[in-house]
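Visitor: I've got a model open and I'd like to talk through its charged side chains. Can you take me round?

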Amino acid sequence: MRLLLDAMYAARIAAILSDRGVDAAAIDGVRDLVGLADDAVLDRARAEERAVVTENHADFCRIGRTAVADGRGHHGLVLVPAHRREIGWLVRTLERIAKDHVDGDALRDRELWL
């Protein structure tokens, strides 16, 4: 599973995950992603076959459900509680999820609430 971390997460989290063998990128670390609207972020994640990791539940659930309904779909939404900001917990959790869902389509069109 490949991950795209939403703008609320620092690029260093993606770097730590990458060091642990997880294919992860962060909006914070990719110049052409910074400032993109949420629907454009989901489009980019879809194009790169990445699940979006976000705390922005309301917007991404709405956008993701619309994408599924109109047939575009997505590669998954990993929805993190806003109160869980501990980097160690987030890294361990995302590493486990990525390794438990090796198949890139494991979360296709699904929401995974943490």
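Visitor: Which residue does Arg96 meet in a salt bridge?

Guide: A salt bridge here is a side-chain nitrogen of Lys or Arg within 4 Å of a carboxyl oxygen of Asp or Glu. In this predicted model, Arg96 has such a partner four residues away in helix α4 (residues 87–100), so about one helical turn separates the two. The N to O distance is 3.9 Å, and the partner is Asp100.

Visitor: How do you pick out helices and strands, and what counts as good enough to report?

Guide: Helices (H or I, at least four residues) and strands (E, at least two) are DSSP runs, numbered from the N terminus. Residues are numbered from 1 along each chain as its sequence is written, and side-chain values use heavy atoms, with hydrogens and water left out. Local features need pLDDT of at least 70 and side-chain atom pairs count only at pLDDT 80 or more, while totals for chains, interfaces and linings use all residues.

Visitor: Is Asp100 buried or exposed?

Guide: Buried means under 20% relative accessible area, exposed over 50%, and partly exposed in between (1.4 Å probe, protein chains only). Arg96 comes out partly exposed at 45%. Asp100 has 53%, which makes it exposed.

Visitor: Where do Asp23 and Arg2 lie?

Guide: Their side chains meet in a salt bridge, 2.8 Å from N to O. Asp23 is partly exposed at 33%, and Arg2 is partly exposed too, at 30%. The pair ties together parts that are 21 residues apart in sequence, because Asp23 lies in strand β2 (residues 23–26) and Arg2 in strand β1 (residues 2–5).

Visitor: Which residues are linked with Arg2 in a network of salt bridges?

Guide: We've already met one of them, Asp23, as a partner of Arg2. Along with Arg2, the network links Asp23, Asp32, Arg44, Glu48 and Arg50.

Visitor: How many salt bridges does the structure hold?

Guide: Another one joins the side chains of Arg84 and Glu86, at 3.0 Å from N to O. Arg84 is partly exposed at 26%, and Glu86 is partly exposed at 39%. Over the structure, the count is 15.

Visitor: Which ring does the charged end of Arg84 sit over?

Guide: A charge sits over a ring if NZ of Lys or CZ of Arg is within 6 Å of the ring centre and within 35 degrees of the ring normal. For Arg84, the distance to the centre is 4.0 Å, and the ring belongs to Trp89.
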